[in-house]
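Please take a moment with the sequence and the structure shown below before reading on. The report then goes from the overall picture to single residues.

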Amino acid sequence: MSPEPAGDHYFTAQPGTAHRPGRVHVLLPDVHLDLETDSGVFSPSRLDAGTRFLLDVAATPGRAGDLLDLGAGYGPIALVLATRAPDSTVWAVDVNERALELCARNAERAGLANVRCALPDDPALPATFAGIWSNPPIRIGKQALHELLGRWLPRLAPDAAAWAVVQRHLGADSLHRWLAEQGWAVDRQAARTGYRVLRITRPQEPEGTP
Ligand SMILES: C[S@@+](CC[C@H](N)C(=O)[O-])C[C@H]1O[C@@H](n2cnc3c(N)ncnc32)[C@H](O)[C@@H]1O
C-alpha cells in the first residue's frame with residue numbers, strides 16, 4: 001500500500017493518494033443507493049455513523065427549492081435528499097474535487113438529475129437555500145469551522161432550517177453554544193451513541209414586533 005502523501009486529509013482539494021475504488025450501500029427504510037467511493041475522501045468504506053443518524057432523524061425537505069448539502073463528500077446526504085425531494089435542486093458543495101467527481105457520478109448512476117455538485121465559489125450557487133444539511137468537517141479546526149458556518153448559515157431562507165450532525169466528543173455541545181452566541185436558535189433534535197443532531201434556525205421575532 002502506498003503511504004498517504006504528507007498533509008493529505010479528506011478535505012484536501014486534490015488528494016494525491018492513490019485511487020482505491022470502493023462501494024458504500026446506503027440502506028434506509030425509504031431510500032437504497034449504491035455509491036462509488038475512493039481513497040482521499042471522507043469515510044470511503046462505509047456510510048459514516050453520524051451521516052446515517054442525520055439521515056434517520058433530520059426532516060425530509062417539504063417543498064421544491066434549492067437545498068444545500070454542505071461538505072457533501074461522495075454524496076450520501078445530497079443523494080438521499082434528492083431522492084426524497086425530487087422537485088428540489090440539491091446543491092452538493094465540497095472543496096475536495098475527487099469527492100465532487102464521485103458525487104456527480106453517483107448522482108448520474110442513480111438517475112438523480114436534480115443534484116448539482118459544486119465547489120464553494122461556484123457562481124451558479126443560489127443566494128439562499130430552503131434548507132441546509134451537513135455532516136460538517138470538524139477536523140478543519142474550530143476557527144475554520146466557525147468561518148464555514150458563518151459563510152453558509154446566513155444563506156438560509158427566512159423560515160428555513162439547517163441540520164447538522166456532530167460527535168459529542170468532537171465538540172457538539174460547544175458548537176451548539178457558539179451558534180447560540182451568534183444569534184441562531186439551536187435545538188438539540190436528537191442524541192444517539194455519542195452524536196448530536198442540531199436543528200438551526202433564525203430566532204423568532206417576539207410577538208408584536210413591528
Ligand atoms: C465529515 S465529511 C462529510 C462528507 C459527506 N457529507 C458524508 O456524510 O459522508 C465533511 C466534508 O466537508 C468537506 N469540506 C471541508 N472543508 C470544506 C469547505 N470549506 N467547504 C465545503 N466543504 C468542505 C470535506 O472535504 C468533507 O468531504
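What follows describes the overall fold, the core, the surroundings of the ligand and a few single residues.

This is a predicted model, in which local features need pLDDT of at least 70 and side-chain atom pairs count only at pLDDT 80 or more, while totals for chains, interfaces and linings use all residues. Residues are numbered from 1 along each chain as its sequence is written. The mean pLDDT of the protein, where pLDDT is the predictor's confidence in each residue, from 0 to 100, is 92, and 93% of the residues reach 70 or more. Over residues 1-7, however, pLDDT stays under 50, and the model has four contacts beyond four places in sequence for this stretch. Where pLDDT is low, the predicted coordinates should not be read in detail.

**Overall fold**

The protein has five helices and nine strands, where helices (H or I, at least four residues) and strands (E, at least two) are DSSP runs, numbered from the N terminus. Along the sequence they follow the pattern β-β-α-β-α-β-α-β-β-α-β-α-β-β. The radius of gyration, taken over C-alpha atoms, is 17 Å, close to the 17 Å that the globule rule (2.2 Å times the number of residues to the power 0.38) gives for 210 residues, so the protein is as compact as a globular protein of that length. Its C-alpha atoms fill a box of roughly 65 × 35 × 35 Å, taken along the principal axes. Two residues are in contact if their C-beta atoms, placed from the backbone, lie within 7 Å, and residues 24 or more positions apart account for 65% of the contacts with a separation of 6 or more.

**Helix 2 and the core**

A residue is buried if 20 or more other C-beta atoms lie within 10 Å of its own, exposed if 12 or fewer, and partly exposed in between, with C-beta atoms placed from the backbone; by this rule 38% of the 210 residues count as buried. Helix 2, which spans residues 76-84, is mostly covered, with eight of its nine residues buried. A nonpolar core is a set of buried Ala, Val, Leu, Ile, Met, Phe, Trp, Tyr and Cys residues joined through C-beta atoms within 7 Å. In the largest such core, which has 56 residues, Leu54, Ala78, Leu81, Ala92 and Cys103 touch the most other members. Helix 2 gives the most to this core, with six residues.

Leaving aside residues up to four places away in sequence, Ala78 touches Asp69, Ala72, Val90, Ala92, Cys103 and Val115. With the same exclusion, Leu81 touches Pro61, Leu67, Asp69, Val90 and Trp133.

**Around the ligand**

The ligand is surrounded by 21 residues, of which the closest are Phe11, Thr51, Gly71, Gly73 and Pro137; a residue is near a molecule or strand if its C-beta atom, placed from the backbone, lies within 6 Å of it.

**Four residues compared**

The table lists the place and the burial of single residues.

| Residue | Place | Other C-beta atoms within 10 Å | Class |
|---|---|---|---|
| Leucine 81 | helix 2 | 28 | buried |
| Leucine 148 | helix 4 (residues 142-152) | 18 | partly exposed |
| Serine 43 | loop between strand 2 (32-37) and helix 1 (49-57) | 17 | partly exposed |
| Threonine 193 | loop between strand 8 (185-192) and strand 9 (195-201) | 9 | exposed |

Serine 43 has a positive phi of about 45 degrees although it is not a glycine, and threonine 193, also a residue other than glycine, has a positive phi near 35 degrees.
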